Amino acid sequence: MKIYSHDNLSLHRPLPYFSYGKMHEPLEVPERMTELLKAPAALGLTVTTAKDIDMAPILAVHDSGYVDFLQHGYEEWMEVDEDLGAQVQTGIYVPYDNPGLGIMAKAAKYQADDSAPISEHSWTSIYWSAQTALNAAEALLNDKSAQSNTQLCFSRPPGHHARKSAAGGFCYLNNAAIIAEHLRQKYQKIAIIDTDMHHGQGIQEIFYERKDVLYTSVHGSPINFYPAVTGHEFETGAGEGEGYNINFPMPHGTSEAWFFDYVDKSIETVKQFEPDVVIHVLGFDVYEEDPEAKCQVSTQGFKTLAQKLKALNKPLIVLVEGGYYLPKLNDNLQAFLSGLVEH
Ligand SMILES: [Zn+2]
């Protein structure tokens, strides 16, 4: 088993933001990395520092104008004469195209909500989050050793809400989509199974009309819960992609037993698809004490989850994305890792 990370994942530090009628302290903070990294250390597992794979796989998924905004938006924001604050965030969210005349217009176009601001070091973390995930994909493309059969990457900031040309929900580049697309150069069929608390509408949007990448997600019902506008059962794909997008929204307050019932159904759809590679978007925000949780998964539950994914017996890349209850990130990841490494 291989685990990838990079020091740069800890640089992005969002500032407090306004949403749902009040101010919020950011949940997606660098301290998450400090806690998460304790887990492999406690289990004696080696963490490999990711190498730079480069920009090309990112641009194979995301619009170049959007990537340019993520990369240079902060500098442009700080060059405006008026003091607009220390992070790119307008509160003007206009989902249709505009010519992007000025950084405020670009932000209006490329940010989908309040929770994905760009501060001084954001781009460095965003870029390295994608690179860290790409290291696992590259290993699978080039390395025949069994070590590459199970891989785990720290993906901070997370990615599953990032759309082709819009940031949102703490996400900027869609790490899962980027590696799925990258793996397609060798593998015919990729399955992405998402068990984060929230629906990964970015992954859904990117592959909605494709049958070579299956997306299946278990998440809290989107009715009055982020991302609010997607994640329903009736979103099943379109055109060639019809039937390759499978959502399992859970009623709020779902028990652990019911969570695994949905997970089993999701895994069954993956089995029927017979993928060459499985990508798992892992969110610890399904944990019972997480501030975002709408279900009740226990620490032990993460071990069970890992065992179920391992039982698929396919090359597996796990991306550690959501999860905001700092005191338990270490324990929960240790539980998950112990399920992955046991024989
Ligand atoms: Zn989440």
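The following exchange goes through the strands, core and helices of a predicted model.

Trainee: What confidence limits apply to this model?
Mentor: Residues are numbered from 1 along each chain as its sequence is written. The model is predicted; local features need pLDDT of at least 70, totals for chains, interfaces and linings use all residues, and side-chain atom pairs count only at pLDDT 80 or more.

Trainee: Which strands are at the edges of the open sheet?
Mentor: Strands here are DSSP runs of E with at least two residues, helices are runs of H or I with at least four, and both are numbered from the N terminus. Two strands pair if DSSP finds at least two bridges between them. The open sheet of 8 strands has parallel pairing and the order β4-β1-β5-β10-β9-β6-β7-β8. Pairing on one side only marks the edge strands, β4 (48-49) and β8 (245-250).

Trainee: Which residue of β8 stands opposite Ser 217?
Mentor: β7 pairs with β6 in the parallel sense over 5 bridges, and Ser 217 in β7 is the bridge partner of Asp 194. β7 also pairs with β8 in the parallel sense, over 6 bridges. The residue of β8 opposite Ser 217 is Asn 247.

Trainee: How many residues of β7 are buried?
Mentor: A residue is buried if 20 or more other C-beta atoms, placed from the backbone, lie within 10 Å of its own; it is exposed if 12 or fewer do, and partly exposed in between. β7 is mostly covered, and the count of buried residues is 8 of 8.

Trainee: Which helix gives the most residues to the largest nonpolar core?
Mentor: A nonpolar core is a set of buried Ala, Val, Leu, Ile, Met, Phe, Trp, Tyr and Cys residues joined through C-beta atoms within 7 Å. The largest one has 94 residues, and Ile 179 is among those touching the most other members. Contacts (C-beta atoms, placed from the backbone, within 7 Å) of Ile 179 include Ala 133, Ala 137 and Ile 317. With 10 residues, the helix that gives the most is α5 (residues 122-142).

Trainee: Why do the buried residues of α4 line one face of the helix?
Mentor: In α4 (residues 103-110), the buried residues are Ile 103, Lys 106, Ala 107, Lys 109 and Tyr 110. An α-helix has 3.6 residues a turn, so residues three or four places apart point the same way. Seen down the axis of α4, the buried residues line one face because the directions from the axis to their C-beta atoms fall within an arc of 165°.

Terms used: Two residues are in contact if their C-beta atoms, placed from the backbone, lie within 7 Å.
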